[in-house]
Amino acid sequence: MITKEATPVAPAPARATPAPPRPAGRGRAWDEAPRWQIYLPLSVYLVFTLIPFYWILLFALRPPGSTSLVPWPMTFEHFEKVWTERSFGVYFQNSVLVGLATLVMTTVVALAGGYALARFDFRVKQAFMLALLCSQFVPGALLLVPLFEIFAELQMINSLGSVIIAETVFQLPLSMILISNFIKNVPYSLEEAAWVDGCGRMKAFRIVVLPLLRPGLIAVGSFAFVHSWNHFLFALMFLNNQDKQTIPVGLNTLMSADSVDLGALAAGGIIAAVPVVLVFAFIQKWLITGFSAGAVKG
């Protein structure tokens, strides 16, 4: 007896689960909102933010004694006064030297320490990381007396080197933690592959890891530069001579107990702010990339 084989029946295609309907809530209301409801609050916020900057420009560019709300006729008398008579040219040069030296020293030392924290395991690693984090709760004012005693013993008072060392020490903990996070995001297998190809640890770090750390190094270095540029306490305490002072201390000399030259003070503030604005304008892309790489691991 011949039996006929049953023809396999193809399974019926599974029905696609219908997507849930889009709620008629905030998303659709935001998409269909008139343009003025979006741009009007942003414009108000922008005006509120730019008014202080315009006020500084107004005092810096209008003639002495003028009460006009428009800087016309425009004058650069206040800039010439603070640059020559108030020695802001010297202050600017000292601030640039302190900022660049702090940037280099902080980046180099934090790079070495961050690599050790990211790639090596040692007994007191967790305690050391905790100490670095806790050091961020210590205000800089508490370091003035011990640092002054140390620099006095080393005969470094009234020297830019004392301010550079103090700024570097103050910036190192956070910079080291940030760079260690950046290095952790670089796959360890890349270094191992370089070792297999005959590279030593230092050469593998220089060829493989260091180019990938460029955004992170720029982020850390830029913040070290800006902080040392704006810091007031260390320069005030460790520098006595006028030819050694920095811009924050120079701005303080423009204010006295009897009177304040608002035009000169505004011009000095613009001179102090322009380098920082230019630095962030040129490194904005690298800065965002660096902090994005340090914030997300993997």
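The points below describe a predicted model of a single chain, taken in turn from its overall fold to its local features.

1. Overall architecture. The chain is built from 14 helices and has zero strands, so that, by the DSSP runs on which these elements rest, every element met from the N terminus on is an α element. Of its 298 residues, 34% count as buried.

2. The salt bridge between α4 and α8. The count of salt bridges comes to two, and one of them joins Glu191 to Arg119, with the closest N and O atoms 2.6 Å apart. Because Glu191 lies in helix α8 (residues 188-196) and Arg119 in helix α4, the pair ties together parts that are 72 residues apart in sequence. Both partners are on the buried side of the 20% cut-off: Glu191 has a relative accessible area of 0%, while Arg119 has one of 15%.

3. The salt bridge between Lys125 and Asp121. Here the closest N and O atoms are 3.4 Å apart, a value that falls within the 4 Å limit used for a salt bridge. The two partners differ in their surroundings, for Lys125 is buried at a relative accessible area of 13%, whereas Asp121, at 74%, counts as exposed.

4. The largest pocket. This pocket has a volume of about 220 Å³, and its lining is made up of Phe53, Ile56, Leu57, Gly269, Ile270, Ala273, Val274, Val277 and Leu278. Two helices, α2 (35-61) and α13 (262-282), each supply at least two of these residues, and the largest share, six residues, comes from α13. In character the lining divides into eight nonpolar residues, one polar and no charged; the polar one is Gly269, because glycine is placed among the polar residues in this classification.

5. The nonpolar surface patch. Tyr54, Trp55, Leu69, Val70, Trp72, Met74 and Phe76 form a nonpolar patch on the surface, and together they have about 810 Å² of accessible area. One of these residues, Val70, is placed in the loop between α2 (35-61) and α3 (77-85).

6. Positive phi angles outside glycine. Most residues other than glycine have a negative phi, and two residues of this model deserve a look in that light. Ser87 has a positive phi of about 60° although it is not a glycine, and Ser87 lies in the loop between α3 and α4 (88-119). Gln155 likewise has a positive phi, near 60°, and its place is in the loop between α6 (144-153) and α7. With a relative accessibility of 74%, Gln155 counts as exposed.

7. A contact distant in sequence. Leu160 lies in helix α7, which covers residues 160-184, and at 10% relative accessibility Leu160 counts as buried. The C-alpha atoms of Leu160 and Gln245 are separated by 8.4 Å, although the two residues are 85 apart along the chain.

Notes
Residues numbered from 1 in each chain as written. Predicted model: local features only at pLDDT ≥ 70, side-chain atom pairs only at ≥ 80, totals over all residues. Heavy atoms only, no water. Patch = residues over 30% accessible without salt bridge, like charges linked within 9 Å, V, L, I, M, F, W, Y side chains within 5 Å. Areas by Shrake-Rupley, 256 points an atom, 1.4 Å probe, with all protein chains shown as cover. Salt bridge = Lys/Arg side-chain N within 4 Å of Asp/Glu carboxyl O. Helix = DSSP H or I, 4+ residues; strand = E, 2+ residues; numbered from the N terminus. 1 Å grid on protein atoms, 1.4 Å probe; cavity = no way out; pocket = protein on both sides within 12 Å on 5 of 7 lines; lining within 4 Å. Points joined across faces, edges and corners; volume = space filled by probe spheres on them. Buried < 20%, exposed > 50% of the residue type's maximum accessible area, 1.4 Å probe, protein only.
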